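Me: Could you take a close look at one loop position in this chain and then work outward from there? I'd like cut-offs spelled out as you go.

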Amino acid sequence: SKLNMTTKPLLYLEEYKLKQDANDYGLADELWDFESFKRKLQIVVVRYDENELEFDMIGVTAIANVFRRLMLSEVPSMAIEKVHIYNNTSIIQDGGLAHRLGLIPLRADPRMFEYKANETDPPSALDTLEFELKVKCTRKNKDSTEVTNNENMYKNHSIYSGQIKWVPIGNQATIYTEATVGPIDDDILISKMRPGHEFDIKLFAVKGVGKDHAKFSPVATVSYRLLPDIKLNR
């Protein structure tokens, strides 16, 4: 019997995948169409709070993981990129301290900033946020016999993200406030200190994406699961 070649489209073998033509995503019986995709796609928000968003994405199956990867690596955010350390007498080495500071998430809206055109360009109000961390650990009462309670013995014995201060560049003070550009959480521990330990640091945050460095990823993680539509016929 003669093989009927019209039942399904022909498949084209490439190095890593099978395709119907240049516009085809894979082995679908129908060619992918952007307008049809837009009509079928629905987003239903299930839960949304300050730290978490859960939603149902209806009308996609094969490319659901694409959206997950895009949120991880392609959505921009602001993060600390340059750390100028003028004084660090703590037990944390300069490199480890700079890396730790870079991972502190910032509240700044990346849509309000431009990508830095050249790393060597000086910071400007359009592409950079500047912060500083200037703290020193001292003994509260030199005559005290307290030896167990750090709160009673030392000032600035634990350094947290809330102690990072914003330094406006140009006219930024008329556009933003410290609450809208600073660290998202004030209780992220940066370092433990003892008398004689001191930080004098300037921090510069720029716009970037997660595929360049994980610190620019706007999410801690993204996961998805398939939600079957079960219908009982009888």
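Reply: Let's start at glutamine 163, which, neighbours within four places in sequence aside, is in contact with Glu132, Leu133, Val135, Asn156 and Ser158 (contact meaning heavy atoms within 4.5 Å). Before going further: this is a predicted model, with local features needing pLDDT of at least 70 and side-chain atom pairs counting only at pLDDT 80 or more, while totals for chains, interfaces and linings use all residues. Numbering runs from 1 along each chain as its sequence is written, and side-chain values use heavy atoms, with hydrogens and water left out.

Glutamine 163 sits in the loop between β9 (158–160) and β10 (165–167); helices (H or I, at least four residues) and strands (E, at least two) are DSSP runs, numbered from the N terminus. Its relative accessibility is 22%, so glutamine 163 counts as partly exposed (buried is under 20% relative accessible area, exposed over 50%, partly exposed in between, with a 1.4 Å probe and protein chains only). The C-alpha atom of glutamine 163 is 9.7 Å from that of isoleucine 190, 27 residues away along the chain.

One of those contact partners, asparagine 156, lies in the loop between β8 (154–155) and β9. Asparagine 156 has a phi near 60 degrees, a positive value in a residue other than glycine. At 23% relative accessibility, asparagine 156 is partly exposed too.

Leu133 and Ile190 also turn up in the largest nonpolar core, which has 26 residues; those with the most contacts inside it are Leu101, Leu129, Phe131, Leu133, Ile164, Ile190 and Phe199. Two or more residues of this core come from each of β5 (77–88), α3 (94–102), β6 (129–136) and β12. Such a core is a set of buried Ala, Val, Leu, Ile, Met, Phe, Trp, Tyr and Cys residues joined through side-chain atoms within 4.5 Å. Leucine 129, again without neighbours up to four places off, is in contact with residues including Met78, Phe113, Trp166, Val181 and Leu203.

Just ahead of β12 (198–208), histidine 197 belongs to the loop that follows β11 (189–192). Histidine 197 is buried at 16% relative accessible area. Beyond four places in sequence, histidine 197 touches Thr89, Ser90, Ile91, Lys136, Cys137 and Lys192.

Over in β5 you'll find serine 77, which counts as buried at 10% relative accessibility. Its contacts more than four places away include Pro110, Val206, Lys207, Gly208 and Phe216. The C-alpha atoms of serine 77 and leucine 106 are 8.3 Å apart, with their positions 29 residues apart along the chain.

Strands β5 and β12 each supply at least two lining residues to the second largest pocket, and β12 gives the largest share, 4 residues. The lining divides into 7 nonpolar, 4 polar and 7 charged residues (Ala, Val, Leu, Ile, Met, Phe, Trp, Tyr, Cys and Pro count as nonpolar, Asp, Glu, Lys and Arg as charged, the others, Gly among them, as polar).

For the chain as a whole, there are 5 helices and 12 strands, and 27% of the 234 residues count as buried. Among contacts between residues at least 6 apart in sequence, 67% join residues at least 24 apart.
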